[in-house]
Amino acid sequence: MTHPSAVTETPVPALTIRLGVVEENTRAIVDRFDGAIVGVTKGVCGDPRVAGAMRRGGASALADSRLANLQRLDGIDRDHFLIRTPMRSEVDAVVRDTDLSMQSEQSILRTVGAAADRQDTHHRVILAVDSGDRREGVLPDDLPALLATATDFDSITVEGIATHVGSLNGVVPTTESLRRFVEAVERAEDAVGRRLPVLSAGSSNTLSLCFDGTLPERVTQLRIGEGILQGTDPVTGEVLPGLESDAAVLSAEVIECKRKPSAPDGSTGPTPFGETTTAADDGVRSRAILALGRVDVDVEGLTPVRDGIEIVGASSDHTVVDVTAAETPVHPGDRLAFRLSYSALVSSAASRYVNTAYDEREGDS
Ligand SMILES: *Cc1c(COP(=O)(O)O)cnc(C)c1O
């Protein structure tokens with residue numbers, strides 16, 4: 001007989017992912033784009049259940065920046081797309097374990113061609129062009145040469161060209177910058193004398209253009225992570241129309257709760273994280289400590305779900321919250337839940353100390 005009190009709770013800290021929200025956010029985006037949506041799983045370390053929800057929502061492929069994450073998706077019948085250009089040292093495994101990969105280096109492309117020859121297989125590639133964010137990709141003028149190299153190998157199929165902005169310098173894609181991307185692709189296509197089926201744009205920062213209907217027509221694919229997992233536009237931080245936020249929440253347990261002076265007592269120097277704190281003196285406050293710290297999550301990216309709770313600060317393994325204004329008192333043993341920024345989501349998903357739990361309920365919309 002199971003007694004209610006014997007029901008085992010997920011060990012905390014726990015990242016609880018609402019798979020229904022992931023599926024519905026994917027579907028909402030798929031429905032608004034006349035092309036293919038690639039679900040990007042790196043925000044949850046290639047979690048196969050999340051990838052499955054993206055697949056059910058209509059993602060045509062699953063992409064991740066890390067090979068190890070894509071290897072977790074083995075058995076999910078969608079293209080597995082490595083979107084970080086590979087290390088030379090992993091090329092053999094990339095050709096073996098992925099369907100397609102992003103490429104930007106001639107020498108690595110040759111290694112890919114040779115690996116595919118050796119494995120007696122074909123590997124599909126998408127070539128990366130830098131549209132101004134100055135992270136990966138050849139400059140537009142160098143695209144024809146890269147395309148020509150890739151085309152030289154019978155074992156390599158060039159499926160298309162991709163561009164990505166925003167991640168290094170926060171460059172925001174515009175209709176105009178995407179038009180220039182399309183023009184660069186078309187110049188390279190003219191040079192090799194064929195049209196490519198896939199023009200892959202942006203990440204979630206391109207969704208507002210997609211929703212406004214101002215994407216150039218030749219863009220046939222969007223690679224989307226944050227929009228699906230968070231429902232947000234990374235440019236504005238706002239929840240996108242028709243999408244739901246909070247597909248994931250993080251919960252942690254209170255290990256101490258006491259009234260303490262808010263001001264430190266003693267002369268202060270930098271913390272172990274190299275920061276000098278300037279705590280305001282708000283008198284005596286009710287403070288709770290959570291068994292959660294910077295080793296588990298980017299604490300800066302957490303927002304308490306319950307009203308009246310405020311994060312004071314965190315060290316490696318402790319997070320201190322002010323609970324003076326909490327509507328109901330907080331006690332040791334209680335669990336507190338937090339919404340996550342994208343960076344908090346990624347860091348907690350990657351922490352070996354945070355357990356992942358799944359909530360199968362449908363989303364609200
Ligand atoms: C991370 C990444 C994406 C997805 O970005 P989101 O902002 O999470 O949608 C797409 N393409 C590339 C190349 C990426 O590195």
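**Figure 1. The surroundings of L222 in a predicted model****.** Setting aside neighbours within four places in sequence, L222 is in contact with F33, A36, I37, V38, A201, G202, T206, L207, C210 and L215. If you wish to pick one of these partners to look at next, try C210: its relative accessibility is 7%, so C210 counts as buried, the limit being under 20%. L222 is also one of the residues that touch the most other members of the largest nonpolar core.

**Figure 2. The nonpolar cores of the chain****.** Here we step back from L222 to the core it belongs to. The largest nonpolar core has 86 residues, and L15, V22, L127, L222, L302 and L340 touch the most other members. A second core, separate from that one, has twelve residues, including V38, A61, F81 and A128. V38 may look familiar, as V38 is among the contacts of L222. In soluble globular proteins, nonpolar side chains tend to be buried together.

**Figure 3. Helices α1 and α2, packed side to side****.** Two packed helices are described by the angle between their axes and the distance between the axes. For helix α1 (residues 19-31) and helix α2 (residues 48-56), the angle is about 35° and the axes are 7 Å apart. Their crossing is right-handed. Which residues of α1 and α2 meet? From α1 come L19, V22, E23, T26 and R27, and from α2 come R49, V50, A53, M54 and R56. Sorted by class, this contact has five nonpolar, one polar and four charged residues. V22 links this view with the previous one, since V22 is also among the residues that touch the most other members of the largest nonpolar core.

**Figure 4. N69 in helix α3 and its contacts****.** N69 sits in helix α3, which covers residues 67-71. Is N69 buried or exposed? Its relative accessible area is 11%, so N69 is buried. Not counting residues up to four places away in sequence, N69 touches K42, C45, G46 and D64. One of these partners, C45, has a relative accessibility of 17% and therefore counts as buried too. While we are looking at a cysteine, note that the structure holds zero disulfides.

**Figure 5. T151 and D190, one residue in α6 and one in α7****.** T151 has its place in helix α6 (residues 143-152). With a relative accessibility of 37%, T151 counts as partly exposed. Leaving out residues up to four places away in sequence, T151 touches V158 and V192. Helix α7 (residues 175-192) holds D190. At 55% relative accessibility, D190 counts as exposed, because exposed means over 50%.

**Figure 6. Two long spans and the chain as a whole****.** To get a feel for distances, start at T151 and find P332: the two are 181 residues apart in sequence, and their C-alpha atoms are 63 Å apart in space. Then try D190 and V312, which are 122 residues apart in sequence and 58 Å apart in space, again C-alpha to C-alpha. The C-alpha atoms of the chain fill a box of roughly 75 × 55 × 40 Å, taken along the principal axes. The chain has ten helices and 16 strands. Of its 365 residues, 47% count as buried. Among contacts in the chain with a separation of 6 or more, 65% are between residues 24 or more positions apart.

Terms used
Residues numbered from 1 in each chain as written. Predicted model: local features only at pLDDT ≥ 70, side-chain atom pairs only at ≥ 80, totals over all residues. Heavy atoms only, no water. Axes fitted to C-alpha atoms, helices over the stretch in contact; angles between N-to-C directions. Helix = DSSP H or I, 4+ residues; strand = E, 2+ residues; numbered from the N terminus. Left-handed = near helix turned anticlockwise from the far one by under 90°. Contact = heavy atoms within 4.5 Å. Nonpolar A, V, L, I, M, F, W, Y, C, P; charged D, E, K, R; others polar. Core = buried A, V, L, I, M, F, W, Y, C linked by side-chain atoms within 4.5 Å. Buried < 20%, exposed > 50% of the residue type's maximum accessible area, 1.4 Å probe, protein only. Disulfide = S-S within 2.5 Å.
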